[in-house]
Amino acid sequence: MDSNAFMLIWMVVLIAVMYFLMIRPQKKEQNRVKAMLADMAVGDSVVTTSGFYGVVIDLTEEDVIIEFGNNKNCRIPMRKAAIAEVEKAQTAEAE
């Protein structure tokens with residue numbers, strides 16, 4: 001084999017490894033976060049990127065209003081991108 005052909009094969013293998021170890025998992029995580037934020041609804045419990053726990057009071061296309069703590073007057077508008085985790089509201093089951 002020619003030295004140039006070996007180097008070309010080595011570059012292709014290196015790029016493929018970088019894709020599967022770095023780029024692909026990052027895209028999966030971005031898709032997961034996008035789906036989580038799109039599925040968020042009023043009444044869901046959330047954790048912000050700064051570590052605050054709250055409940056979703058209102059939603060718009062890019063923003064969300066979160067109520068923090070037991071004080072009903074502590075409502076803060078923020079970007080959806082500031083939400084780190086979403087826990088769906090529990091629906092009451094008829095027993």
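# Helix 1 and the strands in a predicted model

Me: What relative accessibility does N31 have?
Reply: N31 counts as partly exposed, the class between buried (under 20% relative accessible area) and exposed (over 50%), with a 1.4 Å probe and protein chains only. The model is predicted, so local features need pLDDT of at least 70 and side-chain atom pairs count only at pLDDT 80 or more, while totals for chains, interfaces and linings use all residues. Residues are numbered from 1 along each chain as its sequence is written, and side-chain values use heavy atoms, with hydrogens and water left out. The relative accessibility of N31 is 49%.

Me: In which element is N31 found, and how far apart in space are N31 and I76, C-alpha to C-alpha?
Reply: N31 is found in helix 1, where helices (H or I, at least four residues) and strands (E, at least two) are DSSP runs, numbered from the N terminus. Along the sequence, N31 and I76 are 45 residues apart. Their C-alpha atoms are separated in space by 26 Å.

Me: How far apart are the end C-alpha atoms of helix 1, and on which residue is its kink centred?
Reply: Helix 1 has 36 residues and, at 1.5 Å a residue, should span 52 Å, the expected span being 1.5 Å times one less than the number of residues. The end C-alpha atoms are 51 Å apart, which agrees with that expectation. Helix 1 nevertheless has a kink of about 40°, where the bend at a residue is the angle between axes fitted to the seven residues ending there and the seven starting there. The kink is centred on Y19.

Me: Which residues does P25 touch, not counting those up to four places away in sequence?
Reply: P25 is found in helix 1 and, at 39% relative accessibility, counts as partly exposed. Contact here means heavy atoms within 4.5 Å. With residues up to four places away left out, P25 touches Y19 and F20.

Me: Why are R32 and E29 separated by about one helical turn, and how far apart are their closest N and O atoms?
Reply: R32 and E29 are 3 residues apart in helix 1, so about one helical turn lies between them. In general, an α-helix has 3.6 residues a turn, so residues three or four places apart point the same way. R32 is partly exposed at 42% relative accessibility, and E29 is partly exposed at 38%. The two form a salt bridge (a side-chain nitrogen of Lys or Arg within 4 Å of a carboxyl oxygen of Asp or Glu), with the closest N and O atoms apart by 2.7 Å.

Me: Which residues do salt bridges that share partners join into one network?
Reply: R79 forms a salt bridge with E62, the closest N and O atoms being 2.6 Å apart; because R79 lies in strand 4 (residues 75-79) and E62 in the loop between strand 2 (53-59) and strand 3 (63-68), this pair ties together parts that are 17 residues apart in sequence. The side chains of R79 and D63 also meet in a salt bridge, at 3.3 Å from N to O, and this pair, with D63 in strand 3, ties together parts 16 residues apart in sequence. The salt bridges with shared partners therefore join into one network E62, D63 and R79.

Me: Is T48 buried or exposed, and which residues is it in contact with beyond four places in sequence?
Reply: T48 lies in strand 1 (residues 45-48), and its C-alpha atom is 22 Å from that of P25, which is 23 residues away in sequence. With a relative accessible area of 3%, T48 is buried. Leaving aside neighbours within four places in sequence, T48 is in contact with F68, M78, A82, I83 and A84.

Me: What relative accessibility does W10 have?
Reply: W10 is found in helix 1 (residues 3-38) and is one of the residues making a nonpolar surface patch of about 1100 Å². Such patches are made of residues with over 30% relative accessible area and no salt bridge, like charges being joined within 9 Å and nonpolar side chains (Val, Leu, Ile, Met, Phe, Trp, Tyr) within 5 Å; the areas come from the Shrake-Rupley method with a 1.4 Å probe, and for residues only the protein chains shown count as cover. W10 counts as exposed, its relative accessibility being 53%.
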